[in-house]
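Please study the sequence and the three-dimensional structure shown below. The paragraphs that follow treat the ligand and its surroundings and then turn to the domains.

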Amino acid sequence: MFVKTIKGLNGVLEKTSTGICLYKHEMVSEMASPIRVAVTGAAGNIGYALAFRLASGEVFGPDQPVHLNLIEIPPAISALDGVEMELDDCAFSTLAGVTKVDSDHLEEGFGDCNFVLCVGSVPRGKGMERGDLIRINGPIFTNTGKAIQAAAAKDVRIVVVGNPCNTNCLIAMNNAPDIPRDRWYAMMMLDQNRAKTQLAQKSGQPVSSVSKMTIWGNHSATQFPDYFHAEIGGTPAPEVIKDDAWLQNDFIPIVQKRGAAVINARGASSAASAANAALDTVKSIISVTPENETFSAAVCSDGSYGVDEGLIFGFPLQSDGATSKIVQGQEHNEFAQQKIDATLKELREERDTVKDLLN
Ligand code: NAX
């Protein structure tokens, strides 16, 4: 008698040569144990786009179950009920379960999580200065850091998306001193992807041919998309594009202000592309970076490139599949160094604004 195994959502259907069908429940528990991923702000625009792709197996693979911990402020918990219903309705074979938690119970929300995606934060309102936003969102991230330290899995890695993401990440990291500092990331990938596409479109080459696109510094209008070290088909981008005026005067501001351009066109801020970038960040962290490639995220500076130790700063990174390292040895001309200095100055000012929130 042979046994044919067909994997299903909640079990395994075993069809024998004698025609007997056995249905064994909890197939998922026979697979690898689930990776637990927490998403804060899970009913918001980015969170909604993230949850389904995380559940689908796209990020961690078709044989790796995922358990989602979806976190929202109490008034938005009923919206999360709807997200959970839709997740059910997708019948993803990789979705091991969903736990909904309100933000008053963050330790429960981050319990045993291997990845925490911090998306939830208060958006910038009309007439609000960047400094006001930092002061409003800062306290969310002190609690986030403390709860991650208290409850997350030993191997937890954290990606902060909610703005101002570098400084929010700085606050959370400083409130979780027991978590190694190389576990913390703030998202620069959306800027990287935007920059890659601009270079591809200008050069008429496919976006896949653009590599080593680093966004230095802050995820803000001071960021420096470093076209000098970017390559198109393995050749430095300026040599392919042959238009320094465009690179300096158009490319940089287009990338820096792309978020505002999307808001103007769509009437809402980037959501699908931001969720895509958050997933690209996770994929970059858990994959071995090809030798001739780098990826962008803001990480805790070890003093590289003259950036103050401890600041969360966008650098070129390579991962060995577990830990990311800052790529060393890139040289900057005077123009590039001025741009890096400007974004560094802004991050130092942001750090000063929240110094009472840093332990
Ligand atoms: P939404 O306002 O649609 O969603 C945010 C969600 O967070 C809401 O559902 C809200 O209830 C929830 N929330 C607020 N405070 C919370 C808390 N303390 N705990 C848990 N949840 C909380 O915004 P969305 O468009 O999803 O953007 C989310 C964040 O991403 C914003 O801060 C935004 O500025 C930031 N972005 C960051 C980007 C980056 O590249 N780093 C780019 C895209 C985006 O602008």
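**The ligand and the two domains**

Domain 1 (29–186) and domain 2 (189–357) each contribute at least three residues to the shell around the ligand; these bounds come from an automatic or database domain assignment. The model is predicted, so that local features need pLDDT of at least 70 and side-chain atom pairs count only at pLDDT 80 or more, while totals for chains, interfaces and linings use all residues. Residues are numbered from 1 along each chain as its sequence is written, and side-chain values use heavy atoms, with hydrogens and water left out.

The ligand is surrounded by 22 residues, of which the closest are Asn45, Ile46, Glu72, Ser121 and Asn163; a residue belongs to this group if one of its heavy atoms lies within 4 Å of the ligand. By class, the shell holds 10 nonpolar, 11 polar and one charged residues. Here Ala, Val, Leu, Ile, Met, Phe, Trp, Tyr, Cys and Pro count as nonpolar, Asp, Glu, Lys and Arg as charged, and the others, Gly among them, as polar.

Oxygen atoms of the ligand lie at short listed distances from several protein atoms. A polar side-chain atom of Ser121 is 2.7 Å from one ligand oxygen atom, and a polar side-chain atom of Asn163 is 2.8 Å from a ligand oxygen atom. For Asn45, a backbone N or O atom lies 2.9 Å from an oxygen atom of the ligand. The protein buries 84% of the 870 Å² that the ligand exposes when taken alone, by the Shrake-Rupley method with a 1.4 Å probe.

The C-alpha centres of domain 1 and domain 2 lie 23 Å apart. Their contact (heavy atoms within 4.5 Å) takes 36 residues from domain 1 and 39 residues from domain 2.

How values were computed: Polar contact = N/O pair within 3.5 Å; in protein donor to acceptor, adjacent residues only side chain to side chain.
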